[in-house]
Amino acid sequence: VKEIGKPERAVVTTCAYCGVGCTFRAEMRGEQLVRMVPWKEGKANRGHSCVKGRFAYGYASHQDRVLNPMIRDSIDLPWREVSWDEALRYTADKVRQIKAESGARALGGITSSRCTNEETFLVQKLIRAGFGANNVDTCARVCHSPTGYGLSQTFGTSAGTQDFDSVMDSDVIMVIGANPTDAHPVFGSRMKRRLRQGAKLIVIDPRRIDLVRSPNIQADYHLPLQPGTNVAVLTSIAHVIVTEGLADEAFIRERCDWDEYQDWAAFVSDPKNSPEFLEAVTRVPAEAVRGAARLFATGGNGAIYYGLGVTEHSQGSSTVMSIANLAMATGNIGRRGVGVNPLRGQNNVQGSCDMGSFPHELSGYRHISDGATRKLFEDDWGVKLDSEPGLRIPNMLDAAVDGTFRGIYIQGEDILQSDPDTKHVSAGLAAMDLVIVQDLFLNETANYAHVFLPGSTFLEKDGTFTNAERRIQPVRKVMEPANGYADWEVTQLLANAMGLDWNYTHPSQILAEIARLTPTFTGVSWERLNAEGSLQWPVNDKFPDGAPIMHVDGFVRGKGKFIVTEYVPTDEKTGPRFPLLLTTGRILSQYNVGAQTRRTGNVAWHSEDVLEMHATDAENRGLKSGDWAKLSSRTGDTTLRVQVTDRVAPGVVYTTFHHPTTQANVVTTDFSDWATNCPEYKVTAVQITPSNGP
Ligand code: SF4
């Protein structure tokens, strides 16, 4: 046991792992972080934490961190360590050259959901005002972009409707495509507390997640649907609610567009949308769907929580809208205990979307084509903005292969590991003349970079994160940046090397600019956050103290909008060559591609991605637990160890994606959500054959 000793000082800050946003007291001795203690006054966690936030901070001082800038003229050459001055001058010259030769639209960038709101805001400002194009996208593209689209269409704003505490007033909890006990553990514990108090539970998931059956908790309904059929299941639930007269017509008449409701009700009432008819598609017994629908409509306060099992599909946006339809049809919006709640993956997914990281939107989700909004920014920034929406990440990569997109600035995202169809990503990156990577580690994407700018950890900066309940929380500097600069300072240095004149001396000034330009943030300030601990947006004249629950007196868009969401099967088909469907998820102790959690320096973090498969599928292939198997799809193959389980049904296999050796994205397809291009990570037709190992 290592003697920790008495801390000399402590700083209260926010966890940088998941969208729960737990508050911690970071205890220091000298410049060494000795302990992270969950903070009782943290409004998101109230003194609780999971293992990641509490123990997995060793990556901040890991030997793999790159602390000096590096450049190279070609990706075939070795890196050359240079001064910050030289790296910034080299980068700015290259950006200017590409702009002169190919125009501003040949340049773009990607913001990070791991960075602060202020850092994200500055990156999109640099792309729009410095590079001169709207080719800015965010890593939320590959996770919750359908949430942004779906909820803004139906309710009028791209965010969850409730605070976390709201779950304690829920009578029926529906969890769809999420695994809160592994991926959002502190909120998952709160949900379990409510379930132990007697709330009913409906789980819609191809896999039997822990919530379905765990000590003192048994789901009332588990609908183990075929991957890719979320819309069909939700439509069949809606069919039961409407045809059995269980819809809350009083709520709908008062709060929603009645004509649109009637169109939707006629659509879901069609016998072809009955659970019996759709059973052949969803593989969920019709009686279970009917029971779950009746329970949700009549069981009291009904709350829906969902995750990437909803969004990462070719019908991701349709599924989000189906969920919103269901909540409106049952009157479950606008008070405690109800609502539609996306469980955000990364610490600042909500914030990165709020900050104008999408190519068509400025901060606060206002379209770039809107002249009045553009003028507000143009006057403040002293530049003329492009009025055309820019390119999304996959389109930037396509354009690079075509030769029309030549340079990208990527802050805090490893797109080679985290984006779909690795071959497509590497081809796009390899075709560019300038790839600037700003990160803690020389990640996989950096293999294609010409400039590497060292990044800083959440412990080395001030700023704010916004969690899944729209809670803006302070991030406070615990130690000096090991590389010399916080990420926001590096972006500012780059902007100034390009001839801009930015003079921020503290992120509070960037936050003040965000508040000045963003209607949902007008009442937010660094001083207020320090005094009050956190604020839940919108914070403005209408909601001076913020809004824990949204859409209380009316939807942000006015009347709630029912949208017909027809089930359209994915183009990813099983067949004789690829007869099984692969879906993916996370484990509690690891985080995404593991860049941080695998570098904790703690043996407890040694884990392995395994391939879960049903005994029938395993036996048919002569496989047993512990054997190596080759996982092949139409796009590639990888090797994993088998774990035989009854968590998945025959025909469905499952793995996690925390280790680079797994390369799960080598096998995923390039199909994506029809509205947002969010990749269809959750459905891949695969074959599994015995292997001797990697
Ligand atoms: Fe951090 Fe999320 Fe764990 Fe809280 S639940 S400690 S925010 S990883």
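Helices (H or I, at least four residues) and strands (E, at least two) are DSSP runs, numbered from the N terminus. This is a predicted model, in which local features need pLDDT of at least 70 and side-chain atom pairs count only at pLDDT 80 or more, while totals for chains, interfaces and linings use all residues. Residues are numbered from 1 along each chain as its sequence is written.

**Figure 1. The whole chain, with 23 helices and 28 strands.** The radius of gyration, taken over C-alpha atoms, is 24 Å. The globule rule (2.2 Å times the number of residues to the power 0.38) gives 26 Å for 694 residues, so the chain is as compact as a globular protein of that length. Along the principal axes, the C-alpha atoms fill a box of roughly 70 × 65 × 60 Å. Of the 694 residues, 58% are buried; a residue is buried if 20 or more other C-beta atoms lie within 10 Å of its own, exposed if 12 or fewer, and partly exposed in between, with C-beta atoms placed from the backbone. Two residues are in contact if their C-beta atoms, placed from the backbone, lie within 7 Å. Among contacts between residues at least 6 apart in sequence, 74% join residues at least 24 apart.

**Figure 2. The shell around the ligand, made up of 14 residues.** A residue is near the ligand if its C-beta atom, placed from the backbone, lies within 6 Å of it. The closest are Cys15, Tyr17, Cys22, Cys50 and Gly53. Helix H1 (51–55) and helix H6 (185–196) are the elements that give two or more residues to this shell. By type, the shell holds eight nonpolar, five polar and one charged residue; Ala, Val, Leu, Ile, Met, Phe, Trp, Tyr, Cys and Pro count as nonpolar, Asp, Glu, Lys and Arg as charged, and the others, Gly among them, as polar. The ligand lies between domain 1 (9–61) and domain 3 (145–342), because both give residues to the shell. The domain bounds come from an automatic or database domain assignment.

**Figure 3. Helix H16 (residues 393–402) and its packing partners.** The buried residues of H16 are Ile393, Pro394, Met396, Leu397, Ala399 and Ala400. They pack against strands S6 (107–111), S7 (136–138) and S17 (407–411), and against helices H17 (415–418) and H18 (422–430). Gly403, just after H16, takes a positive phi of about 90 degrees.

**Figure 4. An open sheet of three strands in the order S20-S21-S22.** The pairing is antiparallel, where two strands pair if DSSP finds at least two bridges between them. Strand S20 (463–466) and strand S22 (535–536) stand at the edges with a single partner strand each, so one side of each has no neighbour in the sheet. Strand S21 (residues 471–475) is joined to S22 by two bridges, and Ile472 stands opposite Leu535 in S22. In the loop between S22 and strand S23 (580–585) is Pro538; the peptide bond from Trp537 to Pro538 is cis, with omega near 5 degrees.

**Figure 5. Positive phi at Tyr365 and Asn677.** Most residues other than glycine have a negative phi. Tyr365, in the loop between strand S15 (361–362) and strand S16 (366–367), has a phi of about 60 degrees. Tyr365 counts as buried because it has 20 C-beta neighbours inside 10 Å. Asn677 has a phi near 70 degrees and is placed in the loop between helix H23 (664–667) and strand S28 (684–690). With 19 C-beta neighbours inside 10 Å, Asn677 counts as partly exposed.
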